[in-house]
Each structure stands twice: as C-alpha cells, then as structure tokens.
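Please read this report alongside the sequence and the model.

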Amino acid sequence: MTKGALILGLFGISLLAMCRKAAPFPEADYDQRLTGGIATVFDESAKAFTHAVDGLNSRDARVHTLGDLAFEQTFVAAPASVNGGLGPVFNNVSCLSCHHNDGKGSPTLGQNNSSMLFRISVPGQNEYGGPVPVPGFGTQLQNRALLGSRAEATVSVSYMPFSVTYADGETLELRRPTYRITDPYTAYSGTAFSPRMAPPVFGVGLLETIPEATLRSFVDESDADGDGISGKANYVYNPVTGQRQIGRLGFKSNTADVLHQVASAYHQDMGVTNYLFPNESCAGQPQYVKLSDAPDLADSTVKAVAFYLRTLAVPARRQVADPTVLKGQDLFKQLNCSGCHKPVLRTGIDQTKPYLSNQRIQPYTDLLLHDMGPELADGFTDNYATGSEWRTMPLWGIGLFERTNGTAFYLHDGRARSLEEAILWHGGESEKAKEAFRKLGKAERQALLRFIKTL
Ligand SMILES: [Ca+2]
Ligand SMILES: [Ca+2]
Ligand SMILES: [Ca+2]
C-alpha cells in the first residue's frame, strides 16, 4: 500500500466517524452535584427548596414572586378583604402550613402544622376512572372547619411499636400506624381510607417536563426482565387539558400536571374555590349552605402559584466525592434500589421554559407505580393504581429534610422517623432490595445511608 492510499484510508475512516452520531458525553464527566441540571441551586440551609431557577426574564421573575407570596398566604373565612374563602371545611389554612419551607410536612395530627390529608372512597370507578366519592363526604375527608361549621370528622392516629432485626443482630424499632375516624357529622360509609402527608413541592416543573415516552420505557408490567420489579404507569384525567394523561404527581401518580394539582389543593385542602373547581368541596352535602364567596380566588393567582412551583430549583448534592458516599452509591445500584429510584433522567424540550428543557436531572424516581406490599397498602384505588401501589418517591433533596423540617418524617403517611425505618418498610416489588439491605453489615448500611443523605 502506498503512502497516499494510507492517508486516503485514514481520511475515509475519519469521514465515517464524522457521519456517526456524536458519542454521548460520558456519564462520569457530569458534575454529580447538579441534581436539577441548570435548575440546580447551591444552598444547604433550611431555605434550600425555596429558590427560583436561574434564567427567568423579568416578567417571569415577577410571576414567580407573586406565586411565592400566594403560596404563603393564610386564608380566612369569607367575607374578607384579602385571602377570604377558606372552608367551610378544610385540612389546613395555607399551602405553606402543609409544605413546610416548600419541602415535606409533618404527620402531627391535631396540631396546626399537621400536613395530613385523607383520601376516601367507596368501591368502583367514577366516569373518568377515578375514585368514587363517599356519600356526604366526597373523596377527601376534611378534619377542620370554620367556626360555626362542623368538620367532616375527627381523625386520630396511634402507633404500635415493633422491631426489625438486621442479619447482624442489631435491631431497629418501627411504628405501625392505626387511624381512627370519629365524630363524623353524618353517617360515614367510606371503605377505603388513605392518609397522606405533604410531599415536597420543588422540582415539579422538571418532573412535568420528562417525556411520556421516557416514563413508558420503564414500564415492565409483566416483569419481562425478571428482576422482581414491574412498574406501571398511571393514566389520569386532567381537567386542564380535558384529556387522560400519564400521572406524575401525588403518591399514586394521581395527578398529571402542576396546575391541576394547585387548583385541587386550593379546592380540597383549603376549601378555596377557583376557576377549575368553582363549587365548594362540600357542595351537595347535607351541611352545605350556599356561601356568597365563589370563586374565592383569581385565575391569575392559581396560575402564578403553578408557575412558582414549576420554577423552583432543586438543591445540589453534597460530598459527592467522599469515599464512603461513593461506596454507598455503589450499594444503591447493587441492591437495585435504582430499579425504581432511577438516578438519572433527561427532561424534554418545552420552548416556553428553556430553563427546564433538555436537562440531565437526578430525581431518583421513575414516577411509576409499584406494589409495595401489604404493610404499606391503603386499599385505596385511584385510576390504574391499586390499593397497594405507590409512586416511587423522588429522593432528591431527601438529605436536607432534617434542616427544612427540624424533625423529618418519611413515606406517604410519615410513619418512618428515619431513612433506615423508611427502607425497612419496603415490601412487595421492593422486598428483595429491602432484604438485601437487612443483610448488609453495619458499615455498609451506614455507607448507603450516608449516600442517601447527600441527595
Ligand atoms: Ca370556600
Ligand atoms: Ca370532603
Ligand atoms: Ca422488571
């Protein structure tokens, strides 16, 4: 072969290389701290969840601020010059009273900072495939009421301690909740009762921007790959679009988009009517008296709050190069925690929101439903979600809850008082991962927990 042919040959190869798709940027070269891509904020304080994403224009920044203020407002009985229209029945008085510091809440029933609400139903499906209301109570039980009205019922909880033993002999005490409904204002005939504690609200804009196709690609309903994890998408009616869409928010992926979630929170959690839900939550019930307060809220406020949440940044990870943390990260993969808590996803493109578009994010969720076994089951079906299925909880920000909440509680009803307890409650599709965790030695368990605390 002549020298010329060799050069031509090499040129041909390099031309071929140029025509191939660019090699993906190596995963290890990404900055592991950037939990939300460009929508990441570096703050480890109690206010870590309360920051706007970078890159909002001045108009958008103003809407974000308006939404921020509205999120914090305490509502009162109508008539009032500002923030009227609370109730007559409600679970709490402001968004912030449940979502503490834009993070999760507390399961402190009976106290003002309680972030609990209760989904209720009778068997069957409504016209959209959703839960069927309990006569006289609807699909949510409001345990508080304005002066002069009666709460739908009182809800109390008691916890039974029991212990779990690790393979190395160490034990940990868990507590099993039992809820009681007392003093209903009229005969109560509900069959399913689902107590839920407020989850964090930052990062929902990014979750909303993940393409449906990505979520569908994780579905493995008949567990074809045999790893014991199936994963199923929920499809729910979205009153904003009038269509059935893949569910992403709520503990059973029971809501498709942020605006719907905000409007229904005002309506059901606070009794504040709005353009998507113009009738009081207790309308049609025996105790309902027509109030002259509808709609309680301006359309622009509902939309500003949705915009505020969509543009909340996600806090950065910490101590990502610590050797113990890296060991924990390996264990998280080895135990297949990552089978559900997907570490890395990519958002799609939303031209109206460049600051959320095409980002490599680390939400640690697949947003799918998983059967978590009888211990966590609530018996409440919601569209395609059965009574033992839950959405994989995102783990981003989880290491900061002790700062944002003082005392942190975990799982849908706040029964777990530590990460360790939360893991030991895993069952069903996650039984295998839980058992593998239980069998780890102490140092390895600590490494895994250290890793989770850096999220
Ligand atoms: Ca009202
Ligand atoms: Ca109700
Ligand atoms: Ca599988």
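The report covers confidence, a metal site, a hairpin and the nonpolar cores.

This is a predicted model, in which local features need pLDDT of at least 70 and side-chain atom pairs count only at pLDDT 80 or more, while totals for chains, interfaces and linings use all residues. Residues are numbered from 1 along each chain as its sequence is written, and side-chain values use heavy atoms, without hydrogens and water.

The average pLDDT (the predictor's confidence in each residue, from 0 to 100) is 94, and 95% of the residues score at least 70. Over residues 8-12 pLDDT stays under 50, and the model has zero contacts (heavy atoms within 4.5 Å) there beyond four places in sequence. Where pLDDT is low, the coordinates should not be read in detail.

The calcium ion (ligand 2) has protein donors (N, O and S atoms within 2.8 Å of the metal, 3.2 Å for Na, K and Ca) lying 2.3 to 2.5 Å from it. Their spacing along the chain is F-x2-Q-x1-Q-x9-E. Q140 and Q142 are both buried (under 20% relative accessible area, 1.4 Å probe, protein chains only).

| Donor residue | Donor atom and distance range |
|---|---|
| F137 | O, within the 2.3 to 2.5 Å range |
| Q140 | O, within the 2.3 to 2.5 Å range |
| Q142 | OE1, within the 2.3 to 2.5 Å range |
| E152 | OE and OE, within the 2.3 to 2.5 Å range |

Strands (DSSP runs of E, at least two residues) β6 (154-165) and β7 (171-182) pair (at least two DSSP bridges) in the antiparallel sense over 12 bridges. T154 has T182 in β7 as its bridge partner. Five residues lie between the strands of this hairpin, where G169 takes a positive phi near 95°.

The largest nonpolar core (buried Ala, Val, Leu, Ile, Met, Phe, Trp, Tyr and Cys residues joined through side-chain atoms within 4.5 Å) has 84 residues, of which Y266 and L309 touch the most other members. Another core, apart from it, has 16 residues, among them L109 and M197.

Definitions and conventions
Chains lettered and ligands numbered in written order. Buried < 20%, exposed > 50% of the residue type's maximum accessible area, 1.4 Å probe, protein only. Helix = DSSP H or I, 4+ residues; strand = E, 2+ residues; numbered from the N terminus.
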